[in-house]
Amino acid sequence: MSKYIIITDSASDLPDSYIKENGIDSCSLFYSIDDVVYGADKQMDTKEFFDAMRNGATPTTMAINPDHAEKCYRHYLEQGYNLLILAFSSGLSSTYNTSAITARELKEEFPDKKIIIIDTLCASLGQGLIVHKAIQNQKKGMSIEANANWIKDTIPHLCHIFTVDDLYNLQRGGRISKATAVIGTMINVKPVLHVDDEGHLVSLANVRGRKKAINMLADELIKRSEGYENDIIFISHGDCLEEAEQLRDIIFSKTDIKNCFISPLTPTIGAHAGPGTIALFFLGDHR
């Protein structure tokens, strides 16, 4: 069987320790805060990043750098690897399109190599969970083609359910109006959102209070996951680990699920979701 490597990007929110442990690679997406650009070898500590946002900083994010992607892909092609590239949702970023153009150009230079790039239509640890499943498939001996087909079939069942603590981050990103943000904040509305079949953020419900929002995440898992085997669920958070663990414990108490991976949002996703975000990812009957 031809050897292949799985490559993703930092919008997957997978920590460096996971990347190294599982023998994959992740292309850094760049971001800026207080006029300083970060990415690749220069990163800001997660807590420092969210504290800066709490103090009024407004970070900006960038799609994947074509030169950075080309360097990453070429490194493995020159070592004889085929590439299975799992990219950030095209519904939220131009990263997939840039990566696909880079892959096509390299294919002309390496015509004997397989380069399969997939628009995951996922973000954060939803993208991370797809990567995790792809790694499991590869370890079981699944070929690059079979793995790619499995991923494409699974993407419509990768559920992203999340809530944010600060409506103004959604307003700044154009997801809600300023008036909605002001009124919602006044009456303590906490939106619950999901990622739809096209990879866009869509409002699911508005609930009063943080506790109800967190419980709704668990309720949506129970509602959507019947008939699907979730040997593990993923939870990401915007510097609110205790609440992420509360969500995990609620799910453990209400279901047979006993395995959970929790990791903080990286700045690429955190810049738009903001501190206090809690996101849940699992397999279900629909997004």
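Which residue in β2 is the bridge partner of Ile-7? It is Asp-25. The model is predicted, and its secondary structure comes to eleven helices and 13 strands. The radius of gyration is 19 Å, close to the 19 Å that the globule rule gives for 287 residues, so the protein is as compact as a globular protein of that length.

**Overall dimensions**

- Taken along the principal axes, the box filled by the C-alpha atoms is roughly 60 × 50 × 30 Å.
- Of the 287 residues in the protein, 55% are buried.
- The accessible surface comes to about 12,900 Å², and carbon and sulfur atoms account for 49% of that surface.
- Among contacts with a separation of 6 or more, 75% are between residues 24 or more positions apart.

**The four-stranded parallel sheet**

- Strands of a sheet pair through backbone hydrogen bonds, either parallel or antiparallel.
- One open sheet has four strands in the order β2-β1-β6-β7, and its pairing is parallel.
- Its edge strands, each pairing on one side only, are β2 (25-27) and β7 (115-119).
- From one strand to the next, the twist averages 25°.
- Strand β1 (residues 4-9) is joined to β2 by three bridges in the parallel sense, and the bridge between Ile-7 and Asp-25 links these strands.

**Helices on this sheet**

- Helix α4 (residues 95-109) lies across β1, β6 (82-87) and β7, and runs at about 170° to β7.
- Helix α6 (residues 144-154) also packs on the sheet, where it touches β1, β6 and β7.
- The direction of α6 makes about 10° with that of β6.

**Nonpolar cores**

- In soluble globular proteins, nonpolar side chains tend to be buried together.
- The largest nonpolar core here has 36 residues.
- The residues with the most contacts inside this core are Ile-7, Ile-33, Phe-49, Tyr-73, Leu-83, Ile-85 and Ile-115.
- Elements giving two or more residues to the core include the sheet strands β1, β6 and β7, together with β3 (31-33).
- Helices α2 (46-54), α3 (66-77), α4 and α11 (267-273) also give two or more residues each.
- Helix α3 supplies the largest share of this core, five residues.
- Leu-83, one of the residues with the most contacts inside the core, touches Ile-5, Ile-7, Tyr-73, Tyr-76, Leu-77, Lys-114, Ile-115, Ile-116 and Ile-144, leaving aside residues up to four places away in sequence.
- A second core, separate from the largest one, has 31 residues, among them Val-131, Ile-155, Val-164 and Ala-279.

**Strand β8 and its partners**

- Strand β8 (residues 158-163) is mostly covered, with six of its six residues buried.
- Leu-158, His-160 and Phe-162 point one way from the strand, while Cys-159, Ile-161 and Thr-163 point the other way.
- Residues on both sides of β8 are thus listed as buried, including the polar-named pair His-160 and Thr-163.- β8 pairs with strand β13 (residues 278-283) in the antiparallel sense over six bridges.
- In this pairing, Phe-162 stands opposite Ala-279 of β13, and Ala-279 also belongs to the second core.
- β8 pairs with strand β9 (residues 189-195) as well, in the antiparallel sense over three bridges.
- Here Thr-163 stands opposite Val-192 of β9.

Notes
Residues are numbered from 1 along each chain as its sequence is written. This is a predicted model: local features need pLDDT of at least 70, side-chain atom pairs count only at pLDDT 80 or more; totals for chains, interfaces and linings use all residues. Side-chain values use heavy atoms; hydrogens and water are left out. Buried means under 20% relative accessible area, exposed over 50%, partly exposed in between (1.4 Å probe, protein chains only). Two strands pair if DSSP finds at least two bridges between them. Axes are lines fitted to C-alpha atoms, for helices over the stretch in contact, and angles run from 0 to 180 degrees between N-to-C directions. Contact means heavy atoms within 4.5 Å. A nonpolar core is a set of buried Ala, Val, Leu, Ile, Met, Phe, Trp, Tyr and Cys residues joined through side-chain atoms within 4.5 Å. The radius of gyration is taken over C-alpha atoms; the globule rule is 2.2 Å times the number of residues to the power 0.38. Accessible areas come from the Shrake-Rupley method with a 1.4 Å probe; for residues, only the protein chains shown count as cover.
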